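Here's a protein to explore together. Have a look at the structure first, and then we'll walk through it piece by piece.

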Amino acid sequence: MGMELIVEKYKNDLPGYTLCGYGEVGFPQYKVRLLCLMLKDKGLPVIDEYILRLYKENIPIDDMSLLLGIDQELVSSSWYNLIHLGLIHIDTKWITEKGYSYLREHTIESNEKIYLDITIDALSGEIKRNRMYINRKTIRETNLDVLDSLVDQPSVYNLKVAQLKKVLSEYQKRDPETYAGNLVDIIEVDNKPTQYKRLNILIFKNANEEYRFMVCDDSQRYEEYESALVKLEESGKEILKNGIGNYFEKNDLVSNQKFTKESNEYLSPLQIRNYTYEILQKNQGYVYISLPLVKTKTPDDYLINLLQEKAKTKSKIYIIVSGREFIDNFQKNQYEKIISIRNKFKNLFIINVSVYQNSVLMSENQGVLSYLEKHELKAPASKYGITETGFLLNEKESKEYIIEKFKPLIELKHEYNLISKEELKNKILRIVQLVTDFDDYLLSINNIGWIGGGAIPDVKRLFESPVANTENDFKVFISSMHTSLGESLEKNGKAHGDKSYFWNYFKSTFPDLHKVLHKIRIYRHSTEHISLEDKPKENYFKFLDEDLDGSMPFFKENGYRILQTKIILNLEEILEKLLLK
């Protein structure tokens with residue numbers, strides 16, 4: 001069941017409380033294999049049983065093989081096994097009290113080791129039979145947020161034996177032979193990789209600003225978790241990661257985009273989803289979509305498949321993606337699927353803007369608009385929650401919205417002269433020569449230079465740089481540029497005793513050259529991380545404003561190639577001007 005259906009089902013379940021946040025979360029579950037020592041009651045093997053009973057009747061050992069019709073070796077082996085089990089005394093050769101007890105009860109106690117697989121809830125501490133949940137690989141692929149643990153990782157010292165015995169009794173009912181006996185001791189605790197139980201969390205608050213958690217899935221509530229979540233909050237752990245991103249959150253862009261419309265009733269998240277799919281499926285002409293880069297608006301596979309089917313019909317699809325960075329890798333992977341549709345059908349257009357836009361899907365005669373609402377929370381760690389609401393738009397309102405929000409961006413055209421493979425090769429050859437010449441010039445001035453009179457490192461790799469038709473091509477290119485030109489300069493300065501050579505002398509003496517090398521450095525970092533730290537991010541956004549009008553290269557058609565072209569031409573131009581002086 002999707003989050004929208006969960007919200008619809010439970011939103012009114014706490015009278016006096018208002019829903020102010022929700023999300024799907026992984027609840028940690030410890031997976032443990034125990035090596036247990038069990039005291040078991042069991043019978044002897046058949047031959048041992050006959051040997052013991054015949055011996056009680058004073059039948060000589062040597063006569064037993066003839067009497068039973070078996071080899072004497074088997075009789076001897078059984079005899080020594082009875083001694084080993086303590087049923088016959090090793091010295092007196094008399095039957096022991098334990099032996100006579102067995103003859104009366106037909107059972108014997110023995111210690112055996114067994115393996116027992118269990119799951120321990122890392123929030124409640126409850127021990128359960130082994131169950132399979134979501135593993136770490138799936139967590140990474142879907143970027144599901146996970147909760148911290150409240151319970152320490154299991155060891156032989158902290159296991160709750162009473163609970164463990166109850167779980168053992170469940171195993172014994174299912175497989176009495178394997179798990180027979182009584183638990184004597186836990187010898188070893190082998191902790192396996194933690195898994196996660198996928199559940200939904202809803203946050204409510206009342207008029208007195210008191211907050212409550214609800215944990216549920218499509219079939220039931222899990223009230224035992226609600227007090228555990230309060231403990232996590234009180235320990236300073238935020239329960240829900242709202243997923244609106246540092247850029248939107250820092251600039252408070254989400255809450256500034258509220259849309260009011262008195263003539264329409266508010267739509268619930270479920271209604272928003274249903275109308276969105278309905279309009280997309282029924283419309284045969286133009287489709288206009290706006291999606292902000294927030295977690296709750298990440299396109300799901302169902303929407304992506306609808307877009308692909310719509311693209312096959314030759315309908316024109318315009319998508320505005322607002323935001324400057326992805327929330328997580330899962331979101332990026334989903335948009336890669338949409339990019340592949342754009343590349344294949346050519347009638348799907350993507351425009352990326354940095355300013356937050358409300359979520360919309362509309363045709364020219366109807367539409368649905370939704371926005372995110374921020375609800376302040378007086379909780380120790382969770383400062384606010386996010387909910388979604390929206391409206392239906394009629395034909396007049398849809399056309400006005402398209403004219404205001406979509407048409408200016410659709411009509412905005414930029415012409416770029418993109419570098420070719422041959423031009424790239426020649427430009428890099430030229431830049432290598434210019435850097436060598438500039439190194440000689442610098443050496444004559446400060447005796448440090450650029451590469452200290454040596455060779456440019458990894459120059460062969462630099463010469464092999466591909467045209468940046470894809471993100472990976474750009475990653476190879478920009479990494480080579482940074483290693484050969486930027487990193488080499490910094491290392492050379494440090495080798496001459498000036499750790500701040502690039503940031504002080506070079507920046508103040510050659511500001512334009514420093515800037516383009518710094519840009520190369522920042523762009524290279526951007527290819528290594530889904531999100532940058534605050535200071536590099538600030539520069540990254542500034543450079544994208546200059547080079548792509550603020551658009552992310554991922555979304556812009558030929559975006560990475562445009563960046564490559566500008567970097568090469570800019571570096572060549574700056575070096576030529578400096579050498580002319």
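Let's begin with a hairpin: strands E10 and E11 form one, with four residues between them. Keep in mind that this is a predicted model. The two strands of the hairpin, E10 and E11, pair in the antiparallel sense over four bridges. At one of the facing positions, Met-362 stands opposite Gly-367 in E11.

Where do the side chains of E10 point? Ser-359 and Leu-361 go one way, Val-360 and Met-362 go the other way, and all of them are buried. Here's the general idea to remember: in a regular strand, side chains alternate between the two faces of the sheet.

**The sheet around the hairpin**

Now zoom out a bit. The hairpin strands belong to an open sheet of six strands, in the order E9-E8-E7-E10-E11-E12, with mixed pairing. Its edges are strand E9 (348-353) and strand E12 (384-393), each of which pairs on one side only. From one strand to the next, the twist averages 15°.

As a reminder, strands of a sheet pair through backbone hydrogen bonds, either parallel or antiparallel. You can find both senses here. Strand E7 (residues 287-292) and strand E8 (residues 317-322) run parallel, paired over six bridges, and Pro-292 stands opposite Ser-322 in E8. On the other hand, E7 and E10 pair in the antiparallel sense, over three bridges. In that pairing, Tyr-288 has Met-362 of E10 as its bridge partner.

Helices join in too. Helix H11 (residues 301-312) packs on the sheet, where it touches E7 and E8, and its direction makes about 145° with that of E8. Helix H13 (residues 395-411) lies across E7, E8, E9, strand E10 (359-362), strand E11 (367-376) and E12, and it runs at about 70° to E7.

**Follow one tyrosine**

Tyr-288 is worth a closer look. How buried is Tyr-288? Its relative accessible area is 1%, and it counts as buried. Tyr-318 counts as buried as well, at 10% relative accessibility.

Across the whole protein there are 34 aromatic pairs. A pair of aromatic rings is described by the distance of the centres and the angle of the planes. Here are two pairs that share Tyr-288:

| Pair | Distance of ring centres | Angle of planes | Type |
|---|---|---|---|
| Tyr-288 and Tyr-318 | 5.7 Å | 15° | stacked |
| Tyr-288 and Phe-406 | 5.2 Å | 65° | edge-to-face |

Why the two labels? Planes under 30 degrees apart count as stacked and planes over 60 as edge-to-face. At 15°, then, the Tyr-288 and Tyr-318 pair is stacked, while the Tyr-288 and Phe-406 pair, at 65°, is edge-to-face.

What do these pairs connect? Tyr-288 lies in strand E7 and Tyr-318 in strand E8, so their pair ties together parts that are 30 residues apart in sequence. The other pair links distant parts of the chain, with Tyr-288 in strand E7 and Phe-406 in helix H13, 118 residues apart. Phe-406 is buried, just like Tyr-288.

There's also an aromatic cluster elsewhere to look for. Its members are Phe-438, Tyr-441, Trp-450, Tyr-501, Phe-502, Trp-503, Tyr-505, Phe-506 and Phe-510.

**A helix under cover**

Next, try helix H2 (residues 46-56). Buried residues there are Asp-48, Glu-49, Ile-51, Leu-52, Leu-54 and Tyr-55. Their cover includes helix H3 (61-68), helix H4 (72-84) and helix H5 (97-105). Just after H2, Asn-58 takes a positive phi of about 65°.

Two other residues show this kind of backbone angle. Glu-209 has a positive phi of about 65° although it is not a glycine, and it is found in the loop between strand E5 (182-206) and strand E6 (211-216). Asn-447, not a glycine either, also has a positive phi of about 65°; look for Asn-447 in the loop between helix H14 (421-446) and helix H15 (459-463). Glu-209 counts as partly exposed at 29% relative accessibility, whereas Asn-447 counts as exposed at 57%.

**The whole thing**

Finally, step right back. The protein has 20 helices and twelve strands, and its C-alpha atoms fill a box of roughly 115 × 75 × 50 Å along the principal axes. Its radius of gyration is 36 Å, while a compact globule of 581 residues would have one near 25 Å. Of those 581 residues, 48% count as buried.

Note on methods: Residues are numbered from 1 along each chain as its sequence is written. This is a predicted model: local features need pLDDT of at least 70, side-chain atom pairs count only at pLDDT 80 or more; totals for chains, interfaces and linings use all residues. Side-chain values use heavy atoms; hydrogens and water are left out. Two strands pair if DSSP finds at least two bridges between them. Axes are lines fitted to C-alpha atoms, for helices over the stretch in contact, and angles run from 0 to 180 degrees between N-to-C directions. Contact means heavy atoms within 4.5 Å. Buried means under 20% relative accessible area, exposed over 50%, partly exposed in between (1.4 Å probe, protein chains only). The radius of gyration is taken over C-alpha atoms; the globule rule is 2.2 Å times the number of residues to the power 0.38. Rings of Phe, Tyr and Trp (its six-membered ring) pair if their centres lie within 6.5 Å; planes under 30 degrees apart count as stacked, over 60 as edge-to-face and the rest as tilted.
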